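Reader: Hi! I'd love to talk through this model with you. Could you start wherever you like?

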Amino acid sequence: MAGTKCIITGVPGVGKTTVITEALKRLEAAGNPYAYLSFGSFMFELAEKQGLVKNRDEMRLLSKDDQRRLQQQAAEEIARIDGDVIIDTHASVKTPKGYLAGLPEWVLDALEPDLFVLVETDEDQILGRRFGDLSRVRDLDTYGALQSHQSFNRAIAAAYAMKTGCTVAIVTNADHLVDLAIDQIVGLLT
Amino acid sequence: MAGTKCIITGVPGVGKTTVITEALKRLEAAGNPYAYLSFGSFMFELAEKQGLVKNRDEMRLLSKDDQRRLQQQAAEEIARIDGDVIIDTHASVKTPKGYLAGLPEWVLDALEPDLFVLVETDEDQILGRRFGDLSRVRDLDTYGALQSHQSFNRAIAAAYAMKTGCTVAIVTNADHLVDLAIDQIVGLLT
Amino acid sequence: MAGTKCIITGVPGVGKTTVITEALKRLEAAGNPYAYLSFGSFMFELAEKQGLVKNRDEMRLLSKDDQRRLQQQAAEEIARIDGDVIIDTHASVKTPKGYLAGLPEWVLDALEPDLFVLVETDEDQILGRRFGDLSRVRDLDTYGALQSHQSFNRAIAAAYAMKTGCTVAIVTNADHLVDLAIDQIVGLLT
């Protein structure tokens with residue numbers, strides 16, 4: 001459909017929500033509004049409508065086939081949205097069994113994103129933010145584990161670029177420089 | 001088919017054989033046995049049965065088309081195995097013409113792995129192990145060459161994750177900590 | 001078709017043109033001549049023939065669909081060339097919207113390359129060469145930006161290897177050692 005499909009990702013604690021929220025406001029103020037959706041929430045609502053789950057915790061209990069089908073259906077519905085959309089998701093998710101692609105092939109084929117953004121910052125800063133934000137339960141990662149995760153995200157983003165032809169932009173959300181990160185996101189979406 | 005298909009990889013000298021052998025014993029003792037196969041040996045036996053080669057050295061003389069067909073047939077047969085299987089292979093193979101994908105697309109499509117494990121350790125430790133093990137002819141790599149190879153393996157593992165939806169787990173097999181590596185593999189397969 | 005399809009890539013300023021030009025001479029002198037083409041120029045000539053553009057600057061104004069179709073047609077025509085060919089292009093292109101895959105899936109599927117070469121060197125040396133070559137307008141990259149770009153190129157090369165089964169060779173074109181780089185390219189193509 002007409003419109004830019006932009007995927008924004010970042011490891012937990014990097015400040016993705018903050019930069020997306022502000023970028024959406026500025027884009028709207030500039031007369032260039034984007035719709036916003038979280039891929040995970042979108043999938044959950046789909047599963048709920050289909051009577052597969054009653055709450056979000058049950059999502060991980062779904063069979064692999066059900067999860068894959070839901071991912072694909074969610075991607076197909078999002079692709080049909082007319083207009084510009086920011087899709088909030090993860091490049092990869094850290095699970096007890098290793099890194100899991102946030103956008104496996106069947107999602108990419110259905111979604112056909114135009115732009116893929118990695119929000120990153122120094123691992124030390126992410127650790128600082130995770131300790132500082134006691135309102136959310138975050139992974140207890142080490143510096144090295146975070147480095148490995150961010151590096152894996154860059155690698156899988158390259159695979160996404162090969163698969164879809166989307167561009168991959170890296171936006172640094174450094175301490176004290178959140179405005180710069182928001183400006184960059186707005187610039188990418190304008 | 002029912003069962004977990006787990007691919008375990010690592011550069012020569014990282015101690016992959018040791019950790020797989022011990023992990024298989026512990027999994028069996030815990031009442032959760034895995035079958036084991038080496039992808040290369042499996043392909044060779046297939047080629048032998050088809051009268052294409054008489055010994056393992058002849059494998060590299062096969063045409064590119066024959067090699068690809070054999071890879072695909074091997075992957076299809078392995079996918080039909082009922083039950084849990086560890087598949088021992090390489091994320092990428094270092095050849096005189098550069099890095100070669102251990103699991104190109106046609107293998108992944110046929111195999112549909114659930115879990116992909118990278119066994120890694122510091123390059124210095126790998127060099128030490130290669131010098132120490134005079135029973136096998138190993139590549140004479142430098143520190144930098146090993147670093148480049150391990151890094152390429154992580155990148156290609158990300159592409160595998162995108163393609164198949166398998167998880168990618170990184171297990172460090174550090175000097176004096178082989179038990180930890182085995183525990184982690186057992187944990188991933190349990 | 002018969003013949004090796006070899007893709008050679010490198011960030012602007014790495015000295016790709018120099019090493020390709022010399023490698024072509026040596027290969028010809030050794031009785032093993034390669035045809036040469038630039039993927040970008042090949043696409044432009046195709047667009048010109050189809051009356052889509054009048055000059056090269058107009059290429060970036062083409063619709064996404066036209067660009068994709070032209071890429072695919074160019075790749076199909078190159079794949080039909082009989083004999084050995086060096087294809088000069090980029091692993092990824094740095095654009096205002098982020099990194100763009102030089103060889104997205106539809107190009108790889110049509111082209112089926114045998115060998116993919118990354119010409120690299122230290123970021124400091126690339127910066128030095130860019131400053132030294134005032135005849136061309138180059139990107140004003142920082143050390144970190146170049147590092148990020150070269151690293152992204154390695155990651156996307158791994159995805160290309162997964163997709164096509166081509167080998168990925170890394171050739172360092174270091175200051176004062178250009179002959180070594182040329183020798184390595186000649187060796188890969190012989």
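**Strand partners and chain contacts**

Author: Happy to! This is a predicted model. Let me start inside one chain: C6(A) has I86(A) as its bridge partner in strand 3 of chain A.

Reader: Nice. Which way do strand 1 and strand 3 of chain A run, parallel or antiparallel?

Author: They are parallel. Strand 1 covers residues 5-9 of chain A, strand 3 covers residues 85-88, and four bridges link the two.

Reader: And what stands opposite Y36(A) in strand 3?

Author: That is I86(A) again. Strand 2 of chain A, residues 35-38, is joined to strand 3 of chain A by four bridges, and these two strands run parallel. So I86(A) is the partner of C6(A) and also stands opposite Y36(A), by the strand pairing as DSSP finds it.

Reader: Switching topic: how many residues of chain A and chain B are in contact?

Author: On chain A there are 17, and they meet 14 residues of chain B. Strand 4 (92-95), strand 5 (98-101) and helix 6 (143-164) of chain A are the elements giving two or more residues to that side of chain A.

Reader: Which element gives the largest share there?

Author: Helix 6 of chain A, with seven residues.

Reader: What about chemistry, how do the residues on that side of chain A divide?

Author: Into nine nonpolar, four polar and four charged residues.

Reader: Which strand of chain B is joined to strand 5 of chain A?

Author: Strand 7 of chain B, residues 167-172. The two strands run antiparallel and are joined by two bridges. As for individual residues, L100(A) has T167(B), in strand 7 of chain B, standing opposite.

Reader: Cool. Now the contact of chain C with chain B: how many residues does each chain give?

Author: Chain C gives 14 and chain B gives 17. On the side of chain C that touches chain B, helix 6 (143-164) and strand 7 (167-172) of chain C each supply at least two residues. Helix 6 of chain C gives the most, seven residues.

Reader: And by class, what is on that side of chain C?

Author: Ten nonpolar residues, two polar and two charged.

Reader: Last one: what rotation superposes chain C on chain B?

Author: A rotation of 120°, with 0.0 Å of shift along its axis and an RMSD of 0.0 Å.

Reader: Which kind of axis is that?

Author: That relation is the one of a three-fold axis. In general, a rotation about an axis and a shift along it relate two copies of a chain.

Methods: Residues numbered from 1 in each chain as written. Chains lettered and ligands numbered in written order. Predicted model: local features only at pLDDT ≥ 70, side-chain atom pairs only at ≥ 80, totals over all residues. Contact = placed C-beta atoms within 7 Å. Nonpolar A, V, L, I, M, F, W, Y, C, P; charged D, E, K, R; others polar. Least-squares fit on C-alpha atoms with pLDDT ≥ 70 in both.
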